[in-house]
Amino acid sequence: MQTKLARIAWITGGGSGIGQALTLKLAREGWKVAVSGRRPEALQETARLAAGNVYAYPLDVSDLEAMRQTAARIESELGPLDLVVLNAGMGQFVKLDNLRAETFAAHMRVNYLGVVNGIDAVLAAFRRRHAGHIVIVASVAGYRGVPRAAAYGPTKAALINLAESLRFDLEREGIRISVCNPGFVETPMTAGNRVPMPFLMNLQAATEALYRGIMKQKFEIIFPRRFVLLLKLFRCLPYALYFPVIRKFTGR
Ligand SMILES: NC(=O)c1ccc[n+]([C@@H]2O[C@H](COP(=O)([O-])OP(=O)(O)OC[C@H]3O[C@@H](n4cnc5c(N)ncnc54)[C@H](OP(=O)(O)O)[C@@H]3O)[C@@H](O)[C@H]2O)c1
């Protein structure tokens, strides 16, 4: 009888929130998971919670060389990657009196270029094997401009566009790409938010939705569904309606 080999995943931002919860879910489902993030102790905690099958590879996603070397190390130590979830991200609200170019550059470096670095790091191996699945965690904040998200939103809009653009070439080579656009999810990132968070989703339910979407190899993975569908509707509104509607909902 043939034994089923464990599938292998690499998740960035695996030390907390969505990345940690997805890591634990994949490990429970029998995957071997490499987790990355800047804080080694957070990654070790994810490994401890999983009690096996989770391996810490600390790094900063904005460091391209570290991303390339880590992808190669994971493949040599754990085996060929089947899945990479580029989830690491940061988010700060911007008001006019704290608007600094450095904040925008930091968001681009981590949220956008961090994902590009991840794709660069795995692409050659995925192309050689005509296999592999790249999942990018973007956000509904990338659909249209919303108040106070001037540094965060454009990075997520760029990720959605990146995934759409790459899909044409990757699909032809047998490589899958998905973009995950969550609404609000209960994680450390949203814990300190003082803004209204409609349809705020419990982390466990969000993780199940993300896992199902990955297993089905959907191009776009969304949750909570009703909130995201509403925002998709807003995406189609002309400016004359869009601005008053968003003002009404956000009080801005
Ligand atoms: N929660 C929501 O409502 C929501 C909604 C839409 C989209 N998202 C997206 O979901 C993803 C995960 O966020 P989360 O909500 O789970 O928040 P989180 O708990 O704050 O997770 C973010 C993770 O990214 C890692 N990270 C940040 N900067 C990094 C860097 N330069 N290099 C490597 N790792 C880095 C952090 O670990 P270290 O600090 O150890 O590096 C952390 O584990 C993000 O991309 C976020 O934009 C979240």
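Arginine 127 counts as partly exposed because its relative accessibility is 43%, where partly exposed covers the range between buried, under 20% relative accessible area, and exposed, over 50% (1.4 Å probe, protein chains only). The model is a predicted one, in which local features need pLDDT of at least 70 and side-chain atom pairs count only at pLDDT 80 or more, while totals for chains, interfaces and linings use all residues. Residues are numbered from 1 along each chain as its sequence is written, and side-chain values use heavy atoms, with hydrogens and water left out.

The side chain of arginine 127 meets that of glutamate 173 in a salt bridge, at 2.8 Å from N to O; the term stands for a side-chain nitrogen of Lys or Arg within 4 Å of a carboxyl oxygen of Asp or Glu. This pair links distant parts of the chain, since arginine 127 belongs to helix H4 (residues 101-129) and glutamate 173 to the loop between helix H5 (153-172) and strand S6 (176-182), 46 residues apart. Helices (H or I, at least four residues) and strands (E, at least two) are DSSP runs, numbered from the N terminus. Glutamate 173 is itself partly exposed, with a relative accessible area of 24%.

The structure holds 11 salt bridges, and another of them joins aspartate 169 to arginine 172 at 3.6 Å, N to O. These two residues are separated by about one helical turn, because they stand 3 residues apart in helix H5; arginine 172, at 68% relative accessibility, counts as exposed. A further salt bridge joins lysine 232 and glutamate 220 at 2.6 Å, N to O. Lysine 232 lies in helix H8 (residues 225-235) and glutamate 220 in strand S7 (residues 220-223), so this pair ties together parts that are 12 residues apart in sequence. Glutamate 220 is partly exposed, with a relative accessible area of 25%. Salt bridges with shared partners also join Lys25, Glu29 and Glu208 into one network.

Strand S5 (residues 133-137) offers another setting, for 5 of its 5 residues are buried. In a regular strand the side chains alternate between the two faces of the sheet. On one side of S5 are His133, Val135 and Val137, and on the other Ile134 and Ile136, all of them buried, which leaves both faces covered. Strand S4 (residues 83-86) pairs with S5 in the parallel sense over 4 bridges, pairing being assigned if DSSP finds at least two bridges between two strands. Leucine 86 has isoleucine 136 in S5 as its bridge partner.
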